[in-house]
Amino acid sequence: DGTFVYLALRNSDDSGSVITKHRLDDGSLIAVSSVLDLGHANDMTFNTEKNVLVVAHGQTEGKILTLVNPDTLEFIEDVNIEKGSGAITYNPATGSYAISQGGKSLHMLDKDLGYVTSYERTKLEGYTAQGMGSDESYIYFPMSKNDKQNIIVVYDWYGNYIRTIQSDVTREAES
């Protein structure tokens, strides 16, 4: 949100997660939520218009998004969506979202999390999608291969492949 960074941390059996809130300028811990049911807690985005965190469950509960209050870190509601989501990002310029499950398709959602359209993603054998981020023009997918090779695949908000960026990070990339 420009002042704080939020992290979704899950336990190893996906039976509970917490969201932590840290000050962006120095990383200091501000708050920790109570235990929340967020599935695999694959990815999270911040909706600046509605002032809400939107968490993608991923894994077996891939068609659920959970809304969380960023001020109190309290559960607001679960939203059932039409397509699976292990990755999510929000575009403040349009109020829309992009989601993906497993890195095979790029699904577009409107401001109310309603399904709009889908695009097929570039086939990259052996790479695992690791979340997504965006700005007003592009969507960025970090992807890992063998936990040592990382790339960022870039698309525009119309599903067009733009380019692949090699990353020197030698650990599995995450959101």
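Strand E15 (residues 149-156) has 6 of its 8 residues buried, so the rest of the structure largely encloses it. Keep in mind that this is a predicted model. E15 is a handy place to start a tour, with a strand paired on each side of the story below.

## Around E15

Going back along the chain, strand E14 (residues 138-145) pairs with E15 in the antiparallel sense, over 8 bridges. Tyr-138 has Asp-156 as its bridge partner in E15. The two strands make a hairpin with 3 residues between them, and Asn-146 in that turn has a positive phi of about 55 degrees.

Going forward, E15 is joined by 6 bridges to strand E16 (residues 161-167), again running antiparallel. Here Val-154 stands opposite Arg-163 in E16. This hairpin has 4 residues between the strands, and Gly-159 takes a positive phi near 85 degrees.

## Rings

Now for the aromatics. How many aromatic pairs does a search of the whole structure find? The search comes up with 4 aromatic pairs. Two of them are set out here.

| Pair | Arrangement | Centre to centre | Angle between planes |
|---|---|---|---|
| Tyr-90 and Tyr-97 | tilted | 5.1 Å | 55 degrees |
| Tyr-155 and Tyr-161 | edge-to-face | 6.0 Å | 75 degrees |

Tyr-90 and Tyr-97 are both buried. The other pair is split in that respect: Tyr-155 counts as buried because its relative accessibility is 1%, whereas Tyr-161, at 39% relative accessibility, counts as partly exposed. Tyr-155 and Tyr-161 also belong to one aromatic cluster together with Phe-141. Phe-141 has a charged visitor too: Arg-121 lies over the face of its ring, at 3.4 Å from the ring centre.

## A buried lysine

Lys-21 is worth a look in the viewer. You'll find it in strand E2 (residues 17-23), and its charged end sits over the ring of Phe-4, 4.4 Å from the ring centre. Is Lys-21 buried or exposed, and which side chain of opposite charge is nearest? Lys-21 is buried, and the nearest such side chain is Asp-71, 4.5 Å away. Lys-21 has no salt bridge, because that would take a side-chain nitrogen within 4 Å of a carboxyl oxygen.

Setting aside neighbours within four places in sequence, Lys-21 is in contact with a fair list of residues, including Phe-4, Val-5, Tyr-6, Leu-29, Ile-30, Pro-70, Asp-71 and Leu-73.

## The salt bridge

Side chains of opposite charge can pair when their charged atoms come close. In this model the count comes to 1 salt bridge. The side chains of Asp-112 and Lys-50 meet in it, at 3.4 Å from N to O. Asp-112 lies in the loop between strand E10 (105-109) and strand E11 (115-120), and Lys-50 in the loop between strand E4 (43-47) and strand E5 (52-56), so the pair ties together parts that are 62 residues apart in sequence. With a relative accessible area of 52%, Asp-112 is exposed, while Lys-50, at 42% relative accessibility, counts as partly exposed.

Lys-111 lies in the loop between E10 and E11 as well. At 46% relative accessibility, Lys-111 counts as partly exposed. Not counting residues up to four places away in sequence, Lys-111 touches Lys-50, Gly-95, Ser-96 and Tyr-97.

## Around E6

Strand E6 (residues 64-68) is mostly covered, with 5 of its 5 residues buried. Which residues point which way from E6? Ile-64, Thr-66 and Val-68 point one way, Leu-65 and Leu-67 point the other way, and all are buried.

E6 has antiparallel partners to describe as well. E5 and E6 are joined by 4 bridges, with Val-55 standing opposite Thr-66 in E6. E6 is also joined by 5 bridges to strand E7 (residues 75-80), where the bridge partner of Leu-65 is Val-79. E6 and E7 form a hairpin with 6 residues between them, and Leu-73 in the turn has a positive phi of about 60 degrees. Leu-73 is also one of the residues in contact with Lys-21.

## At the start of the chain

Gly-2 sits in the segment before strand E1 (4-10). With a relative accessible area of 62%, Gly-2 is exposed. The C-alpha atoms of Gly-2 and Leu-24 are separated by 7.4 Å, though the two residues are 22 residues apart along the chain.

Technical notes
Residues numbered from 1 in each chain as written. Predicted model: local features only at pLDDT ≥ 70, side-chain atom pairs only at ≥ 80, totals over all residues. Heavy atoms only, no water. Phe/Tyr/Trp six-rings, centres within 6.5 Å; stacked < 30°, edge-to-face > 60°. Buried < 20%, exposed > 50% of the residue type's maximum accessible area, 1.4 Å probe, protein only. Lys NZ or Arg CZ within 6 Å of the ring centre and 35° of its normal. Lys, Arg positive; Asp, Glu negative; His and termini not counted. Contact = heavy atoms within 4.5 Å. Pairing = 2+ DSSP bridges.
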